[in-house]
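Q: I'm new to this one. Can you walk me through it?
A: Sure, have a look at it and then ask away.

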Amino acid sequence: MVDKQSAIPIYVQIEELLRERIAEGTYPVNSLIPSERDLSAQFGVSRMTVRQALLNLVKEGLLYREKGRGTFVAEEKMEQPLNGLTSFTEDMKARGFVPGTKLIGFSIVQPDAQIAAKLGLDGEASVYKIIRIRYADNTPMAIERSFLPVGLLPELTEEALQGSLYAYIEQQAHLVIGQATQRMEAALAKLDDAEYLQISLPAAVVLIERISMLDDGRPFEVVRSTYRADRYKFISEIGR
Ligand code: 16G
């Protein structure tokens with residue numbers, strides 16, 4: 001229980017105790033945790049102290065709040081490795097989730113100068129502009145805005161994009177995917193993205209831009225993805 005003589009601040013001790021209860025399943029995923037009043041009585045500390053501990057756990061993404069309903073245990077974040085050039089579909093299946101896609105944009109456009117340069121295209125070439133919301137077991141996880149040269153995939157259809165784009169590229173278009181460069185940055189979700197992702201503002205997101213190439217070095221996609229920061233953790237193996 002709480003040790004009031006300890007050099008560790010009491011709210012930090014309470015955070016630890018709550019973490020243990022979540023890890024042990026005393027408070028299961030999506031369950032309502034006891035109120036501030038109950039917790040302060042249980043731990044014999046002030047409500048202010050409990051509030052501080054809860055706030056920190058909400059910020060960390062371990063708990064979430066619903067207005068007028070209380071504080072709940074969040075699902076564990078998705079651990080996304082940054083080492084392999086995998087597809088969303090592969091990532092979800094590897095973690096035991098059913099991948100889903102909602103195609104909300106599919107058009108052929110002239111790329112702006114930046115996209116054209118990243119795809120190594122001249123002024124004339126057109127690209128597909130594709131916007132997809134990606135789901136894990138029906139929970140929206142990310143939005144992908146992709147640009148792909150029409151010349152490389154002349155037969156790409158909306159139907160193919162309901163499934164895996166990478167599977168289409170490899171199995172239908174018989175191209176070989178090589179490597180990619182990714183850039184990640186933190187941001188606040190924009191209003192339209194928050195709606196697609198069913199999160200309330202303000203919300204943190206992770207933006208990733210991926211430029212991917214075929215094994216012969218030709219770039220085949222520029223993708224700008226918006227990932228929910230409350231659902232994702234990014235992992236990389238690093239050696240020395
Ligand atoms: C990932 C990739 C994206 C790729 C997609 C293909 C990032 C940032 N994005 O989401 O570049 O187009 O997978 O997924 O990792 P699919 O084969 O399931 O359509």
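**Helix α2 and the ligand**

Q: Which residues of helix α2 are buried?
A: In this predicted model, the buried residues of α2, which spans residues 36-43, are Glu36, Leu39, Ser40 and Phe43.

Q: Why do those sit on the same side of α2?
A: Because they cover an arc of only 100° around the axis, Glu36, Leu39, Ser40 and Phe43 end up on the same side of the helix.

Q: And what is exposed on the other side of α2?
A: Arg37 and Ala41 are exposed there.

Q: What do the buried residues of α2 pack against?
A: They pack against two helices, α1 (10-24) and α3 (47-60), and against the strand β1 (63-66).

Q: What follows α2?
A: Gly44 does, and its phi is positive, near 65°.

Q: OK, switching to the ligand. How many residues surround it?
A: There are 17 residues around the ligand. The closest are Thr89, Arg132, Glu144, Ser164 and Leu165.

Q: Thr89, then: how far is its polar side-chain atom from an oxygen atom of the ligand?
A: The distance is 2.4 Å.

Q: What about Arg134?
A: An N or O atom in the side chain of Arg134 is 2.9 Å from a ligand oxygen atom.

Q: And which atom of Phe88 is 3.0 Å from an oxygen atom of the ligand?
A: A polar backbone atom of Phe88 lies at that distance.

Q: How much of the ligand's accessible area does the protein cover?
A: On its own the ligand has 450 Å² of accessible area, and the protein covers 99% of that.

Methods:
Residues numbered from 1 in each chain as written. Predicted model: local features only at pLDDT ≥ 70, side-chain atom pairs only at ≥ 80, totals over all residues. Heavy atoms only, no water. Buried < 20%, exposed > 50% of the residue type's maximum accessible area, 1.4 Å probe, protein only. Helix = DSSP H or I, 4+ residues; strand = E, 2+ residues; numbered from the N terminus. Arc of directions from axis to C-beta. Contact = heavy atoms within 4.5 Å. Near = heavy atom within 4 Å. Polar contact = N/O pair within 3.5 Å; in protein donor to acceptor, adjacent residues only side chain to side chain. Areas by Shrake-Rupley, 256 points an atom, 1.4 Å probe, with all protein chains shown as cover.
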